[in-house]
Amino acid sequence: TMQRSLWPKLASLGLALWAWHLAGTAAAATLYVWTNSPSPTPPYTNWATAATNIQDAIDAASSSNDIVLVTNGVYASGGVRGLVTMTNRVAVWSSIEVRSVNGPGVTVIQGDDNTRCAYVGPDAKLIGFTLTNGHALAVGSGLDLDISGGGALCWYSAVVSNCVFLGNEAGYGGGVYGATVIDCTIASNWAFLEGGGAYLATLNNCVLRYNTASSGGGSYGGTLGNCTITSNSASYGGGAYTSALNNCIVYYNSAATGPNHSGLCTLQYSCTTPDPGGIGNITNAPQFVSAAVGNYRLLATSPCINR
C-alpha cells in the first residue's frame, strides 16, 4: 500500500478559491443560521433574519474572521461543488469559524449518496457538529479529491473540533481527511482503500471506534496524541497504519496483519499489543470502564494511569 499526500494537489487547486474570500477587510461579524428562521434575509445578522441553511451564511461572510453561528437542527439540503466535481453539503472556503450553539448532539450536517458533509478550507474552523451519511465518490476526477473525505475533506491548516463523524464513506478517509481534529468522536466510518476513520490527519483527544478500511481501520498516516483507538478493523493495521502515536490507547482492534498497528507506525507512552518498541509503551489491557457502551474512561486499577 502506498501512502499518498494530496497537500500539493489541494494547494494548487484551491489557492484561487480561498484567496478571494480572504480579501475582505470588514470588521468581523456574526452571521446566524436556523432551520426555522421566520424571515431569512442576507446578511443574516440576527436570529430573526437568520439563514435557513449553513451555506447561505458562509457565502454572505465578508471578513476572514467572521463567525457563522448555527442553532439546533438537521441540515440536509443544498449543496455546493468543492475543489473538483464532488458536491459538499457545506463548503467553508476561507478562514471563518462555523460553530454550533449547542453541540453535535443536536446540530447535524447530513450528506447523502453523492454528497460529502463538509469541505473545510485553509485556516477555517468547524466546531460542534455531527457529520453523518457523507459519501465521497467511488470513482472520481481531480487527483483523488473526489474519493476522499466522506465526512469532511480538509486542508491541513483547517481545525475541526468537538465534532462526531458517524457513518461516512470514502476511498481515503471515510470519516475525515486532513485537518487538526480535536476532541472528536470518529465512529462507524468506512474507507474502501485507506483510513477508515481518518487519513493524514492530526488527531488530539479523539476516540476512533468501529471504523473499517482495507488499510488503517482507525487511522492511516498522520499524528495522534491522547487518543483511544479501539474496535476498528482492516486487512492491514486494524487500529493504525503508518501513523505516529503518543500517549494513546490502541487496543482491541482487528486485522489479518497487525491488528492494532502495522506499517511504519511509531508509538511512545502508549498502551498496545504487541510491544512496538519505543519509549514508555505498555502491553497490558487498558481496563476501560465499559467499552460495550462507549465508556472508555479507565478503571482505577488500569495500568495506563500515570503512565
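**Figure 1. The loop position of Thr 242 in the predicted model.** Thr 242 is placed in the loop between E27 and strand E28 (244–246). The structure shown in this and the following views is a predicted model. Although Thr 242 is not a glycine, its phi is positive, at about 50 degrees. Strand E27, which comprises residues 240–241, is joined to E31 by two bridges, and the two strands run parallel. In this pairing, Tyr 241 stands opposite Ser 262 of E31.

**Figure 2. The open sheet of nine strands.** The strand order is E4-E5-E8-E11-E15-E19-E23-E27-E31, and the pairing is mixed. The edges are occupied by strand E4 (80–81) and strand E31 (261–262); each has a single partner strand, so one side of each is left without a neighbour in the sheet.

**Figure 3. The open sheet of five strands.** Parallel pairing connects the strands of this sheet in the order E14-E18-E22-E26-E30. Strand E14 (169–172) and strand E30 (254–257) form the edges, and because each has a single partner strand, one side of each is left without a neighbour in the sheet. From one strand to the next, the twist averages 10 degrees.

**Figure 4. Bridge partners along strands E22, E26 and E30.** Strand E22 (residues 212–215) and strand E26 (residues 233–236) run parallel and are joined by three bridges. Ala 213 stands opposite Ala 234 in E26, and Ser 215 has Tyr 236 of E26 as its bridge partner. Strands E26 and E30 likewise pair in the parallel sense, over three bridges. Here Tyr 236 stands opposite Thr 257 in E30. Tyr 236 is thus the bridge partner of Ser 215 and also stands opposite Thr 257.

**Figure 5. The surroundings of Asn 211.** Asn 211 is located in the loop between strand E21 (207–209) and E22. With a relative accessibility of 0%, Asn 211 counts as buried, because the limit for that class is under 20%. When neighbours within four places in sequence are left aside, the residues in contact with Asn 211 include Ile 186, Ala 187, Ser 188 and Asn 189. Gly 196, Gly 197 and Gly 217 are also in contact with Asn 211, as are Ser 231, Asn 232 and Ser 233.

**Figure 6. The salt bridge between Asp 112 and Arg 89.** A search of the whole structure finds two salt bridges. One of them is formed by the side chains of Asp 112 and Arg 89, with an N to O distance of 3.3 Å. This pair links distant parts of the chain, 23 residues apart: Asp 112 is in the loop between strand E7 (107–110) and strand E8 (115–120), whereas Arg 89 is in strand E5 (residues 87–92). Asp 112 counts as partly exposed at 30% relative accessibility, while Arg 89 is buried, with a relative accessible area of 8%.

**Figure 7. The salt bridge between Arg 99 and Glu 97.** The side chains of Arg 99 and Glu 97 meet at an N to O distance of 2.5 Å. Arg 99 is partly exposed at 28% relative accessibility. Glu 97, at 19% relative accessibility, counts as buried, because the limit is under 20%.

**Figure 8. A nonpolar surface patch that includes Trp 34.** Trp 34, Trp 47 and Val 101 make a nonpolar patch of about 250 Å² on the surface. Trp 34 belongs to the loop between strand E1 (30–33) and helix H2 (54–60). The relative accessible area of Trp 34 is 30%, and this residue is partly exposed.

**Figure 9. Thr 41 and the cis peptide bond in the loop between E1 and H2.** Thr 41 lies in this loop and is partly exposed, with a relative accessible area of 34%. The C-alpha atoms of Thr 41 and Ala 51 are separated by 6.8 Å, and the two residues are ten residues apart along the chain. Pro 43 is also found in the loop between E1 and H2. The peptide bond that joins Pro 42 and Pro 43 is cis, with omega at about 5 degrees.

**Figure 10. The cis peptide bond at Pro 274.** Thr 273 and Pro 274 are connected by a cis peptide bond whose omega is near -5 degrees. Pro 274 is situated in the loop between strand E33 (271–272) and strand E34 (288–290).

**Figure 11. The backbone at Asp 123.** Asp 123 is located in the loop between E8 and strand E9 (125–127). The phi of Asp 123 is near 65 degrees, a positive value in a residue other than glycine. Asp 123 is partly exposed, with a relative accessible area of 40%.

How values were computed:
Residues numbered from 1 in each chain as written. Predicted model: local features only at pLDDT ≥ 70, side-chain atom pairs only at ≥ 80, totals over all residues. Heavy atoms only, no water. Salt bridge = Lys/Arg side-chain N within 4 Å of Asp/Glu carboxyl O. Helix = DSSP H or I, 4+ residues; strand = E, 2+ residues; numbered from the N terminus. Buried < 20%, exposed > 50% of the residue type's maximum accessible area, 1.4 Å probe, protein only. Patch = residues over 30% accessible without salt bridge, like charges linked within 9 Å, V, L, I, M, F, W, Y side chains within 5 Å. Areas by Shrake-Rupley, 256 points an atom, 1.4 Å probe, with all protein chains shown as cover. Pairing = 2+ DSSP bridges. Axes fitted to C-alpha atoms, helices over the stretch in contact; angles between N-to-C directions. Contact = heavy atoms within 4.5 Å.
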